[in-house]
Amino acid sequence: MDNYVSTMDELYNAMSEQILAHKSNVTYHLATTDLAQLVSAKKTWDGFEYHYNPSSPLLSGCYTVRQAFDGSINWYSTNSQTISVSFNYYVPKSTMDDYFDEMKKLATELKGENDFESVKNVHDYIINRVEYDYSSAGENYTDIEGFRENRMVCQGYSMATFVLLSYMNIPCRMVTGDAGSETKKGPHAWNIVQIDGKWYNYDATWDDSEEYGAHYTYFLKSNEDFPMH
């Protein structure tokens, strides 16, 4: 049976494939009633936003869900084992495909002699190519939109880092939370990156200085060096 899923991971991978294929509506058949009980709108979306696929990182919901600005889940059967998942998208599929082709080629060009050098090259490239979107609209939330205009917010920096390092087979995760001073914090996105088996914090947004360009205050740091995040 088409779109037959037996675990939440299978559902999340399928939803990521749906997004990358730019399909608006797809019907999924849930294998068991136990699985169906796990599928509620809020729980599914929350889980999808944290989903990571280590063998195929670009099928990670934590990344793909951010390419869709709106989505919904609807039940189609009385036993709630058939659902329809719908997405709307920021950009046309052709634009998304062109972007991934560009990033795949760019990852090959930026790959260094070791993982540290590769991560540094990605960090510096993103900072030197784009500037932070300080506009009142602040509309460039995704890497695709941001790279088209070379201007984006923190989520775009984090997404671009994730894509490039994924193409280099360097483990990377997107992190969302709050950042700022003790008295004033706001929503923020950054990354953690694995080098030689150890995970490090990485924030290209905060390393992008309008005046001085790239610096390394938030590059490959421990939790103790990330007190504002």
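**Exercise 1. An aspartate in a loop**

Which backbone nitrogen does the side chain of aspartate 207 reach? Work this out in the predicted model, and establish whether aspartate 207 has a partner of opposite charge.

*Solution.* Begin with the position: aspartate 207 belongs to the loop that runs between strand 9 (198-202) and strand 10 (208-209). Next, look for a charged partner; aspartate 207 is buried yet lacks a salt bridge, and the nearest side chain of opposite charge, that of lysine 221, is 7.9 Å away. Because a salt bridge requires the nitrogen and the carboxyl oxygen to be within 4 Å, lysine 221 at 7.9 Å does not qualify. Finally, turn to the backbone, where the side chain of aspartate 207 reaches the nitrogen of threonine 217 at 3.1 Å.

**Exercise 2. The span of a helix**

Compare the expected span of helix 8 (residues 154-167) with the distance between its end C-alpha atoms, and then describe how far the helix is covered.

*Solution.* The expected span is obtained by multiplying 1.5 Å by one less than the number of residues. For the 14 residues of helix 8 this gives 20 Å, and the end C-alpha atoms are 20 Å apart, so the two values agree. As for its surroundings, helix 8 is mostly covered, with 13 of its 14 residues buried. Beyond the helix comes asparagine 169, which has a positive phi, near 60°.

**Exercise 3. Salt bridges within and between helices**

Locate the salt bridges formed by lysine 93, glutamate 102 and lysine 120, and state for each pair where the two residues lie and how accessible they are.

*Solution.* The count for the model comes to 5 salt bridges. Start with lysine 93, which pairs with aspartate 97, their closest N and O atoms being 2.6 Å apart. These two residues are 4 residues apart in helix 5 (residues 93-110), and therefore about one helical turn separates them. Such spacing suits pairing because an α-helix has 3.6 residues a turn, so that residues three or four places apart point the same way. Lysine 93 is partly exposed at 33% relative accessible area, and aspartate 97 is partly exposed at 28%.

Glutamate 102 forms a salt bridge with arginine 129, with the closest N and O atoms 2.8 Å apart. Since glutamate 102 lies in helix 5 and arginine 129 in helix 6 (residues 115-129), this pair ties together parts that are 27 residues apart in sequence. Glutamate 102 is partly exposed, at 34% relative accessibility, as is arginine 129, at 22%.

Lysine 120 bridges to aspartate 124, the closest N and O atoms being 2.9 Å apart, and both residues lie in helix 6, 4 residues apart, about one turn of the helix. Here lysine 120 is partly exposed at 29%, whereas aspartate 124 counts as buried at 13%. To complete the survey, a network of salt bridges links Asp133, Glu149 and Arg151.

**Exercise 4. The nonpolar cores**

Identify the residues with the most contacts inside the largest nonpolar core, and trace the surroundings of isoleucine 126.

*Solution.* The largest nonpolar core has 37 residues, and those with the most contacts inside it are Val119, Ile126 and Val193. Elements that each supply at least two residues of this core include helix 5, helix 6, helix 8, strand 7 (172-180) and strand 8 (185-195). Leaving aside residues up to four places away in sequence, isoleucine 126 touches Phe147, Met152, Tyr157, Ala160, Thr161, Leu164 and Tyr202. A second, separate core has 22 residues, among them Met15, Val26, Ala36 and Val85.

Methods. Residues numbered from 1 in each chain as written. Predicted model: local features only at pLDDT ≥ 70, side-chain atom pairs only at ≥ 80, totals over all residues. Heavy atoms only, no water. Buried < 20%, exposed > 50% of the residue type's maximum accessible area, 1.4 Å probe, protein only. Lys, Arg positive; Asp, Glu negative; His and termini not counted. Polar contact = N/O pair within 3.5 Å; in protein donor to acceptor, adjacent residues only side chain to side chain. Core = buried A, V, L, I, M, F, W, Y, C linked by side-chain atoms within 4.5 Å. Contact = heavy atoms within 4.5 Å.
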